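Please open the structure in your viewer and keep the sequence panel beside it. The stops below say what to select next and what is to be found there.

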Amino acid sequence: MTFLKQIGRRRFLNALGGTALMGAVPGAVQSAQRAATASDTFTPDLEIELRAVQDQVPLYQGPPTNVWRYRARVLKGDAQSVSHHPDSPLGPVIRVHRGTRIRIHFINELPQPSVVHWHGLLVPEAADGHPRYAVGPGGRYVYEFEVINRAGTYWFHPHPHGMTGSQVYAGLTGLFIVTDDEERALKLPDGDRDVGLVIQDRSFTRDNQLRYMGQGGGMMGMMGGMMGFLGDRIHVNGRPDFTLAAERKPYRLRLLNGSNSRICKLAWSDGSPVTVIGTDGGLLAAPVSRPYVTLAPSERVELWVDFSTRAAGEEIGLVSLPFAASAGGGMMMGGGMMGGSGPAQGAGFPVFKVRVGQGAAVSEKLPEKLASMPALRPEQAHNLNAPRSIRVTASGMRWSLNGRMFEMEGVAPDEVVRFGSTEVWEFINEASMHMMGSMPHPLHVHGVQFRIIDRRVHPSAMAAWRSVSDGYVDEGWKDTALVMPGERVRVLMRFESFPGLFLYHCHNLEHEDTGMMRNFLIKV
Ligand code: C2O
Ligand code: CU
């Protein structure tokens with residue numbers, strides 16, 4: 001890890017010194033000073049101070065665990081907008097109404113550079129948390145944006161280059177929940193029955209300290225960068241052995257896979273179907289039912305579940321079912337090899353328990369129609385017949401995209417899109433292209449929400465693909481698409497929110513940190 005950290009730090013320093021490689025597109029890069037201070041032209045409804053700090057939390061019997069975490073304080077506006085989880089490194093949870101104008105004063109009290117990305121939110125370039133805007137220890141950054149997203153479950157996390165994986169792992173993760181009038185009118189479960197649940201895998205030393213892959217560097221670090229980190233304990237909202245004490249009523253569960261690289265195949269332990277009402281970009285047009293839900297790192301899914309049909313005192317679990325993570329059909333070698341000892345990628349494990357209370361059962365109907373979906377049709381794309389292809393490649397022992405690694409300010413000529421245009425991108429993960437074999441990659445695009453047009457899979461990878469494909473929820477808006485070995489995914493998006501330099505990358509954080517990330521320029 002030391003090795004990776006050094007690379008990240010060097011790039012960061014290069015960017016500060018202005019010596020980083022300039023891309024092929026002149027004028028792509030704006031001054032990093034742009035949003036370092038609050039502007040007088042922006043009048044916030046909500047103003048928050050967000051500090052990234054070193055702290056300790058009691059997680060297991062024995063010594064407390066050293067963590068890095070966000071701490072927030074409302075300076076102006078509704079104090080209820082921010083809440084913290086007790087005894088957990090995670091959070092805060094930020095809840096706002098669509099249309100809220102928000103200013104966030106970020107203060108970096110960590111011993112490393114950091115920057116905050118508002119994952120899934122459509123924000124101006126300067127507020128998007130690009131690694132070139134990272135601020136060093138003691139540094140500050142002011143984020144200003146209006147919340148224009150649909151009602152849904154978004155989140156925030158660090159995004160400094162080469163250090164995103166280790167910083168998220170240390171605890172820096174929070175949910176950002178948006179509501180709007182259309183959603184309010186649905187009268188979905190609310191208050192204590194609207195529950196955010198962040199699923200993450202972690203490993204610990206015997207004295208309760210977080211253990212990340214390849215500490216000490218060398219081969220372990222290299223392997224970790226290729227495969228991704230897999231931990232041996234499942235935490236929910238930053239806590240082990242999570243149990244939700246539920247009333248005998250319907251609930252809305254907002255699940256985020258906040259793991260660095262572990263993919264979940266989520267199902268109810270008794271085999272009940274899973275009712276899905278929302279995805280990355282908010283509510284679906286109508287609820288859908290699945291035998292299980294496939295949830296890759298950074299993806300969100302909102303479930304509706306009616307505990308009124310359960311007996312008083314009944315217990316039910318949410319579990320992750322086994323699946324085949326490589327085209328050959330096997331499970332990826334996992335934590336054991338990477339410095340953990342936990343389940344391999346594709347192994348099954350329990351996630352959390354629900355204990356149903358003793359009170360009277362109260363049922364509510366789930367609306368048949370949920371939200372209006374902004375229309376976007378493939379025919380509107382200017383490149384429907386020649387999609388922009390984003391190919392998973394390997395450069396040496398590292399994953400890359402279209403044969404290129406991340407460059408802090410670099411944009412290739414084929415990474416420029418027109419502001420206002422509608423495009424089809426095709427994510428391509430060939431079944432077997434390389435000595436590193438092939439593995440699943442969750443590909444994420446900043447600056448947009450997209451629709452999934454279709455998926456195709458190579459016959460040689462069909463069996464593995466079938467072990468997760470019934471759990472895809474492609475009906476809704478997405479900002480991340482899991483691309484399995486041998487799979488091609490066509491997505492449709494319109495670049496209408498903000499022009500500027502944005503990122504697309506693999507959300508396997510070890511892949512991202514080792515260079516599986518690129519800039520693209522939305523050009524006016
Ligand atoms: Cu959640 Cu660029 O990432
Ligand atoms: Cu990847």
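Which backbone oxygen does the side chain of Thr 294 reach? Before selecting anything, please keep in mind that this is a predicted model. Now select Thr 294, which lies in strand β18 (residues 293–295), and follow its side chain to the backbone oxygen of Val 468, which it reaches at 2.7 Å. Thr 294 counts as buried because its relative accessibility is 5%, and the cut-off for that word is under 20% relative accessible area. Leaving aside residues up to four places away in sequence, Thr 294 touches Ile 263, Cys 264, Lys 265, Glu 299, Val 468, Gly 471, Tyr 472 and Leu 482.

**A buried glutamine**

Go next to Gln 345, in the loop between α5 (335–338) and β21, where the relative accessibility is 3%, so that this residue too counts as buried. Its side chain has two backbone partners to display: a polar atom of the side chain of Gln 345 lies 2.8 Å from the backbone oxygen of Ser 261, and the side chain of Gln 345 also reaches the backbone nitrogen of Ile 263 at 2.9 Å.

**The nonpolar cores**

Now select Leu 253, Leu 255, Trp 268, Val 276, Leu 303, Phe 307 and Phe 352, which are the residues with the most contacts inside the largest nonpolar core, a set of 40 residues. Strand β21 (residues 349–356) gives the largest share of this core, with 5 residues. To see the surroundings of one member, centre the view on Leu 255, which touches Leu 197, Leu 266, Leu 295, Glu 299, Arg 300, Val 301, Leu 303, Leu 318 and Phe 352, again without counting residues up to four places away in sequence. Another core, of 34 residues, lies apart from it, and Trp 68, Val 82, Val 115 and Val 135 are among its members.

**An enclosed strand**

Select strand β9 (residues 174–179) next; 6 of its 6 residues are buried, so the strand is largely enclosed by the rest of the structure. Looking along β9, you should find Gly 174, Phe 176 and Val 178 pointing one way and Leu 175, Ile 177 and Thr 179 pointing the other way. Add β4 (93–97) to the selection, since β4 and β9 pair in the parallel sense over 4 bridges, with Thr 179 in β9 as the bridge partner of His 97. Then add strand β8 (residues 152–158), which runs antiparallel to β9 and is joined to it by 5 bridges; here Gly 152 stands opposite Val 178.

**Backbone points to inspect**

Most residues other than glycine have a negative phi, and most peptide bonds are trans. With that in mind, select Gly 91 and Pro 92, where the peptide bond from one to the other is cis, with omega near 5°; Pro 92 lies in the loop between β3 (82–83) and β4. Move on to Asn 237, in the loop between β11 (233–236) and β12 (239–240), which has a positive phi, near 50°, and which is buried, with a relative accessible area of 7%. Asp 241, in the loop between β12 and β13 (243–246), also has a positive phi, of about 50°, although it is not a glycine. Asp 241 has 70% relative accessibility and therefore counts as exposed.

**An open sheet and a copper ion**

For the last stop, show the 5 strands that form an open sheet in the order β24-β31-β30-β26-β28, with mixed pairing. The edge strands, each pairing on one side only, are β24 (416–418) and β28 (480–483), and the twist from one strand to the next averages 25°. At one edge, β24 pairs with strand β31 (residues 517–523) in the parallel sense over 3 bridges, and Val 417 stands opposite Ile 522 in β31.

Which protein atoms are the donors of the copper ion (ligand 2)? Select His 441, Cys 506 and His 511: the donors are ND1 of His 441, SG of Cys 506 and ND1 of His 511, lying 2.0 to 2.1 Å from the ion. Along the chain, these donors follow the spacing H-x64-C-x4-H. His 441 in strand β26 (residues 441–445) and Cys 506 in strand β30 (residues 500–506) link distant parts of the chain, being 65 residues apart, and both His 441 and Cys 506 are buried.

Note on methods
Residues numbered from 1 in each chain as written. Chains lettered and ligands numbered in written order. Predicted model: local features only at pLDDT ≥ 70, side-chain atom pairs only at ≥ 80, totals over all residues. Heavy atoms only, no water. Core = buried A, V, L, I, M, F, W, Y, C linked by side-chain atoms within 4.5 Å. Buried < 20%, exposed > 50% of the residue type's maximum accessible area, 1.4 Å probe, protein only. Helix = DSSP H or I, 4+ residues; strand = E, 2+ residues; numbered from the N terminus. Contact = heavy atoms within 4.5 Å. Polar contact = N/O pair within 3.5 Å; in protein donor to acceptor, adjacent residues only side chain to side chain. Pairing = 2+ DSSP bridges. Axes fitted to C-alpha atoms, helices over the stretch in contact; angles between N-to-C directions. Donors = N, O, S within 2.8 Å, 3.2 Å for Na, K, Ca; no water.
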